[in-house]
Structure formats: C-alpha cells, structure tokens
Amino acid sequence: MCCESKRRFLLLYATQKGQAKAIAEEIQQQAGAHGLEADMHCISEMDKYNLETEKDPVVIVISTTGTGDPPDTARKFVKKIQDKTLPPDHFAHLQYGLLGLGDSEYMFFCNGGRTVDQRLQELGAQHFYDTGLADDCVGLELVVDPWIDGLWLALKEALQLQKKKEGMNNAVDAVSSSLPTALHAVHELNLSSEVQNLKLEDEGARGSDVLSQKLDDINLVASATDTEPSLVHSVPPVSQSALNIPALPPEYIEVHFQDTQGENPHLSSLISEGTTFEVPVTKAVQLTREDAIKTALLLELDIADTAFEYQPGDAFCVICPNNVSEVEELLCILGLSEKGDDFVCVKVKQGTKKKGASRPQHIPERSTLKFILIWCLEIRAIPKKAFLRALVECTSDAGEKRRLQELCSRQGASDYTRFIRDSNVCLLDLLHAFPSCKPSLSLLIEHLPKLQARSYSVSSSNLYQPGRLCFVFNVVEFPAGPSRPVSRKGVCTGWLAELVAPLLHPSKNTLDTKGESSSTEKISIFPRPNNAFHLPADPSVPFIMVGPGTGISPFIGFLQHRQKLREQHPDWEFGETWLFFGCRHQDRDYLFKQLRCFVENGTLTHLKVCFSRDSSTAEVAPPKYVQDILRLCAKEVARVLLKDRGYFYVCGDKKHMADDVSDAVVDILSMEMEADKLEAMKILAMLREAKRYLQDVWS
C-alpha cells in the first residue's frame, strides 16, 4: 500500500516518566499495519497541532502524576482547555479516544486522563472510542493491550463516518481489510472483573508476530522435580504454547565513538522542569538506632545563596546518579569496560523505519559513555515487553531466546508480571539470568527510560531556619531473591547515604544537633511545589496531622512554621493542632523525640504516639497503629472535622497506612454522626473535594 493512501489520525501523548510516550510510539508503530498513519506529538507542542480546527480523529494517551495532577507536559494544555470563557460547543467537531494511565494505589486514580476527558466532553467533543484507564498497580498492559487492539476498528468506523460527512462514500478498503473484529466493543477499561476476563483471541492480535516452534529442539522440557516456573524457566502450558509476541521495534539510534576529548554537559541541561540549584549538604543525622529495621537519615541543605523558595508541605527533587559499580558491571557485560571515558555521539540511524524518530531529549548529542549510563538512563527500570522483544534478537542460546519470547508474549503475561514486574527485575538482573544476551549500546538508549529525579517532602520551615532546607528519608533496601542475585539500595537514597557517610554524627535522634562537621559535598535540586498540602491560610483553623515513620517529615516543617508564627504574632488566634505518630520501636526509630518540645511551648496541642512492635505488660494492650489511636480519639477527630471545619493531613505509605487511616475516618464519621457508612464516605469525599482532607503518600 502506498503511503499516500494511508488515512491520518492525530496522536497526542502527555508523559511524566516516559510511559505514555512509549505507548503512543507503540500505537504509531502498529498504525502502518492497519493502513493508518499516526501524526504523533507531545501534547505540549501546541504549535504543531490545532484541536480547534482538527478534522481527523484524535487519540490521546495521558498519565497522572503527584496527587492526581496531569503530567508537567500537559499543564499548559489543561490550563488552555479549562478556560471558563470557552463555549460548550467549542470542540463539537472533535472525535477522540483517550487512554489514561494511573496507579490505583493512589486516591485520584487516572485523574490526569479523567480531567482532560471530562473537560473535552463539557466542550462538546465526542468519543469515537471508549476511554481506557490502565492501572500500573497490577500492570498497565492488562488494559493497554486490548485497548490498542480495539482501537483500529473504532478508528476505521470514525474515518468512514468522516468520509460520509465529507460526501465521500468510497469504502476505506485498505483500512478495513486489516482490521480485527474480535474487540468490536471495548467498554471503559477500568481493570475491573470484566477486563480481567477479557478474551484475547490469538487471531485478533495484529501488529505482532505469531511464534510457533518445535519445542523438542529447545532444551526447556521440565524435569520431574523442576515443575515450578521461574525467571529463566517455564512450565506448561506456556512452555508448550505457540506464542503471540510483539512486533520487533525498529532500530533508530546509532552511537559513534570519538577520539576527541571535551566536557560533559551540565546536569541542569538534563532537566526540563525548570531551574536547578547546586547546593551544599551542611548536616546529616541518622535518626534511627543501628538495630532499627530501616535506616532513616535527615539531611540539611544550604540554600541561602540561591533563589530556591519553598513552603512547608512542598516537595523538591534531587538529581541523582545510577550506582557507579552497577554501571561498571554493565559496561563489562557489554564489552565496553575500556571505553567508559570515551566520548560518544548519539544520532538517529539513517534509513530507520521508525516514524518521526529523534534522539531522546534526555540523551546529550555528545558526552562520555559513562555520563549517559550514570546520569541519563534509568538502568534500574523494569524492562517493558518491547525491550524484551528486542533483547530476543541479541540472545544466542535457543533456550534463553525462547524464555525471553515467552516473557514478552500474551501467553506469558502472568510470568512477566510475577518474575519481572512484581520482582522489580532490572536490565542487569536479566543479563545475569540470560548470559547469552549481548545487547548493543544503541539498544539500551532506545529502550531504557530517562533517569528520573527523586522527589522528597520538605521537613523544615524557611521562617524557622532561614536559608536551610531539611528532608528525611529511609535508605531503601531491595533484598536479594530468586530473580535478583544481589541486594541493592535505592538509586537515590543509597547514593545520598554514601555521599553523607563522613558527615553522620554519633549523636542521633536530634534535630538541632550542635557541632556538625562542615561539608563540601553538593547535590543538584529543583523545586516541585505542592498546590494543596500546606497549612491552613487562616491560623485559627484547627488541623490534624497523621504521619507514621518518615511520613512525619512535612509536619516538622508545619510545626516549626507555626512555632515561629506564634513567636512573631502573640496577638493572633491559633487553632489547636493534633499529631498522630507511629513507629515500630520507641527506643529504635522514634524519629523526632523532641516533638515533646513543641507540646511544651504550646505549638502542638495534642501528641499521640504508638509503637507497633514493642511488647506491653498492660492489661489492655496499647494501640499499635495510628488508625487505632484515631479511633480512640473519635469524638475529637469528628469535632475538628465537622464542627470546627478543620483540616486533616496524611503523609506516608499508601498501601499499609493511608487507606487504613481513611477507613478509620469513615468509621469515626459514621459513628459520631450516627449515619451509615455510605453517608460517611460521602462526607469524606466532600472533605477531599474541599481540600480539607489532604494526602501526601507514596507506594
């Protein structure tokens, strides 16, 4: 089919970490096989498309970030369409389909996509295809794959309708001949039980390779004792199935080594979010005892000579490198140990079949090889199926090749989830598990995402400590396991812990430790303001803070700020303050024992603490978790929220705490209002909507 006969549709993506872009590229790649051409753009490139005049169908892939916000790349677009002066028929001419990405671990699931979807509907746009909402908590591909499969038929029908409107009744033979019919009606894919039971017909999988092999030729037959699957080993039915594997992504990057020398780019050139600041670390304190289960550190940064501004409750991002030893290990496997310090030039491969191919924005055109692997690529990223598919072609052993094919196939979806996604397997783990796999450097640049800066909550007040910024974090540990041969620390927390090791004090559990060592170590940061997680504008309004573990971090800033305001404005009226804190052991990981000082000076009205792993000889066992103490204070909590119209802040772990706290608040409201649970849930939803129940949580 000649390219002139392919029908166009507009494909927009809004991404924060690269997921939405990768999915949009997959749609663009598959479009050609269906006689279609995707005109793909980042949604921020508003000079390259115009929805006001767009006649062709529009496909939008959009992620969600923060507490339900659209990604940074979509902010200008969202602001534009939320203009209150736009008429209700502003987009009446527009046909679109939207795929939202999110994580149901967070309260505002897929809210970035939902926000855009709702506003387009309000402005008169029409769906030509039902909205898909994919959940990263259980695997985006469970919704993304069938949504894309069903997209082609919907696009065909939209284009046929468009031709009829234009008075052109000739059939779109080239398009319809290649379209599947198995997924004619794909309803809103919310990853409910309907999606879980969705039947994926092998013959309906277009844009993929169907692999059928004589398995006798591959040494993958399970022995009588080896009946459990693993990362490197499969069992029936997967091991005996013909496989539907993704189409091989086209190569589009080439790397040239250069003899010349020079300087690497400045780290600020890697960040598109705004101004970066290089600031010294002036203090480091270990807040936990050596025998605590987790190691918590407090770092203080000197921002006095910068224009960095923040409020208590804000977050900021740290630009961090990959672990140098892991990079050295990767270079060794790639056979490039001697070339790490050589300069390379990264360009688009001439004659590539990838449409609209360009050098990834996070990859400098010229730098040393080590600079790319240390500062630019997320080498710890969980490999996507498209990456696995590309790795198949770099693998010489037949058994290893087959297993990689299984892991990226439809038939091996559960194995992919179990042994790669849920096991947090990274590229190095794969290369150890499949030693005959020898990928090229260009392949890594094509498939590894951008190394993301890590976000942390501010744990200080610029009013209380001018020119200083503090933050608290646990040093993340990933233990060794069946799919991971060695234990690892978190990319950023492990690096920070190593960086400040010379600064760590013998004196712990204190925020205002005297006599700290001076430091010349610097880190690069940039602000990430929080639009809502701030103190009430009216200081007379009471508020409740719930922050177990390092979730207490922003509340230290809250209390410091409040203390300083009380000192500066003794005539002001200040509302009561409640803090609910919990940890495992009182003597090992009670992060800020000087919280009692805030109580003694009147800044903190009520301090409630609990210790989940300490034994007790009391007749009535003390509460173990923050949600238990909340229930003991039910009347006061209900009064603050309902009668006094106070605020409620939650910070910390989403899965193991924030949901339990939310359930406890619902129970409290139900009991104190003498209402059923549904009514209490509605009240809580209203509090969220009014920005009086606020969360800063992570998975």
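**Pocket lining and parallel strands**

Trainee: How many residues in the lining of the second largest pocket are charged?
Mentor: In this predicted model, local features need pLDDT of at least 70 and side-chain atom pairs 80 or more, whereas totals for chains, interfaces and linings use all residues. Numbering starts from 1 along each chain as its sequence is written, and side-chain values use heavy atoms, without hydrogens and water. A pocket is an open set of points on a 1 Å grid over the protein atoms alone where a 1.4 Å probe fits, with protein on both sides within 12 Å along at least five of seven lines; lining residues have an atom within 4 Å of a point. Its lining has five nonpolar and six polar residues (Gly counts as polar), and the charged ones (Asp, Glu, Lys and Arg) number five.

Trainee: Which element gives the largest share of the lining of the second largest pocket?
Mentor: α7 (324-333), β18 (488-489) and α14 (491-499) each give two or more residues to the lining of this pocket (DSSP runs: helices H or I, at least four residues; strands E, at least two). The largest share, five residues, comes from α14.

Trainee: Why is one side of β22 and of β24 left without a neighbour in the sheet?
Mentor: The open sheet has five strands, paired in parallel (at least two DSSP bridges per pair), in the order β22-β21-β20-β23-β24. β22 (606-611) and β24 (693-698) have one side free because each stands at an edge, with a single partner strand.

Trainee: Which residue of β23 stands opposite V546?
Mentor: β20 (residues 543-546) runs parallel to β23 (residues 647-653), joined by four bridges. Opposite V546 stands V650.

Trainee: What is the bridge partner of G102 in β6?
Mentor: β4 (residues 95-102) pairs with β6 in the parallel sense over four bridges. In β6, G102 has as its bridge partner D135.
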